[in-house]
Amino acid sequence: MNPDAPSTSGMVTDLHGKLDYATYLQLPRVLSSQKPLSTPEHHDELLFIIQHQTTELWFKLMVHELKAALTYLQQDNLDPSFKVLARVKHIQTQLLSQWSVLATLTPSEYVQFRHVLGPASGIQSYQNRQIEYLMGNKDRRMLAVFKHNPEIYAQVEACLNMPSVYDEFLRYLARRGLPIPAEVLNRDVTEPHTPHPGITAALKLVYEETTKYWDAYELAEKLVDIDEGHSLWRYRHVKVVERVIGFKRGTGGTAGVQYLKQMVDDRHFPELWDVRTEIKEPGRA
């Protein structure tokens with residue numbers, strides 16, 4: 001017996017009739033949900049499936065946290081909103097880093113089983129669409145790909161009809177007494193946000209008077225974090241897709257890389273980026 005081995009005294013080993021780890025996490029169900037369709041089964045299809053399933057699990061948590069952030073902002077309860085937005089940032093880091101695993105899939109390998117996907121495509125990820133809507137990328141046309149499933153369609157449409165995190169941020173600023181234009185506050189939240197110089201001017205006050213508006217300042221930087229994180233994730237997505245399929249069309253009928261490239265530079269919270277140009281050095285006009 002190794003005297004340096006860690007003690008197992010007190011470890012529960014009799015789990016008959018008790019809740020165990022696998023049961024709590026429903027591991028038999030989770031680990032049996034990978035169903036490769038290639039015949040004969042291609043070795044790398046399992047990687048492809050697990051990559052996307054784990055992405056969807058992180059998406060589920062992101063939707064959960066973004067909805068919580070909306071609620072906290074509506075209640076002017078900023079401290080917990082800081083916590084959940086920080087968590088979203090770390091989820092994005094996980095999503096970004098796992099692209100490196102899929103990048104090990106070569107074009108020669110993927111082409112062996114790509115045909116089994118048929119029209120299935122990441123553009124049909126209803127959780128990713130919910131994230132886009134909650135972040136403010138409102139595009140009603142994207143609901144069309146979910147019409148075949150009324151339950152999922154309703155979930156996605158509900159997020160389209162919600163104010164985005166940015167909408168609630170701007171409403172909070174208005175309640176703090178900052179001059180957010182009325183037409184912005186009263187806009188149709190199912191439509192994309194249009195940058196407004198009045199918002200940039202209000203944010204300039206926040207960044208120039210950080211002591212007075214510390215809560216808004218902290219929240220603004222949390223939002224910049226997740227906007228940047230989303231852009232980085234999109235960029236990595238583009239590069240991995242280009243690496244694996246080049247400029248082929250996507251399985252869902254999109255232009256593939258060209259379609260994805262159009263979204264890389266989209267900014268969910270544009271005035272939070274624009275204001276950086278407007279901030280002057282102390283003592284300078």
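Is Trp99 buried or exposed? At 7% relative accessibility, Trp99 counts as buried, since the cut-off for that label is under 20%. Keep in mind that this is a predicted model. Below is a quick run through its aromatic pairs, one charge over a ring, and a helix with its packing partner.

**The two tryptophans**
- Searching the whole structure turns up nine aromatic pairs.
- In one of them, Trp99 and Trp233 have ring centres 5.7 Å apart and planes at 40°. That makes the pair tilted, because the angle falls between the 30 degrees that bounds stacked and the 60 that bounds edge-to-face.
- Trp99 belongs to helix α5 (residues 99–102), while Trp233 sits in helix α12 (residues 214–245). The pair therefore ties together parts that are 134 residues apart in sequence.
- Trp233 has 9% relative accessibility, so this residue counts as buried, and Trp99, at 7%, counts as buried too.

**The two tyrosines**
- Tyr207 and Tyr217 make an edge-to-face aromatic pair, with 5.4 Å from centre to centre and 85° between the planes.
- Here the link runs from helix α11 (residues 197–208), home of Tyr207, to helix α12, home of Tyr217. The two residues are ten residues apart.
- What about their exposure? Tyr207 is buried, with a relative accessible area of 13%.
- Tyr217, on the other hand, has a relative accessible area of 23%, so this one is partly exposed; the label covers values from 20% to 50%.

**Other ring contacts**
- Phe48, Tyr110 and Phe113 are joined into a cluster by ring pairs.
- There's also a charge to look at: Arg276 lies over the face of Trp273, 5.8 Å from the ring centre.

**Helix α3 and its neighbour**
- Helix α3 (residues 45–74) has 30 residues. From its first C-alpha to its last, α3 reaches 44 Å, close to the 44 Å expected at 1.5 Å a residue.
- After α3 comes Asp76, which has a positive phi, near 55°.
- Two packed helices are described by the angle between their axes and the distance between the axes.
- For α3 and helix α7 (residues 126–135), the packing angle is about 30° and the axes are 9 Å apart.
- Angles under 35 degrees count as roughly parallel, so α3 and α7 get that description.
- As for handedness, α3 passes α7 in a left-handed crossing.

Technical notes. Residues numbered from 1 in each chain as written. Predicted model: local features only at pLDDT ≥ 70, side-chain atom pairs only at ≥ 80, totals over all residues. Heavy atoms only, no water. Phe/Tyr/Trp six-rings, centres within 6.5 Å; stacked < 30°, edge-to-face > 60°. Helix = DSSP H or I, 4+ residues; strand = E, 2+ residues; numbered from the N terminus. Buried < 20%, exposed > 50% of the residue type's maximum accessible area, 1.4 Å probe, protein only. Lys NZ or Arg CZ within 6 Å of the ring centre and 35° of its normal. Expected span 1.5 Å × (residues − 1). Axes fitted to C-alpha atoms, helices over the stretch in contact; angles between N-to-C directions. Parallel < 35°, antiparallel > 145°, perpendicular 65-115°, else oblique. Left-handed = near helix turned anticlockwise from the far one by under 90°.
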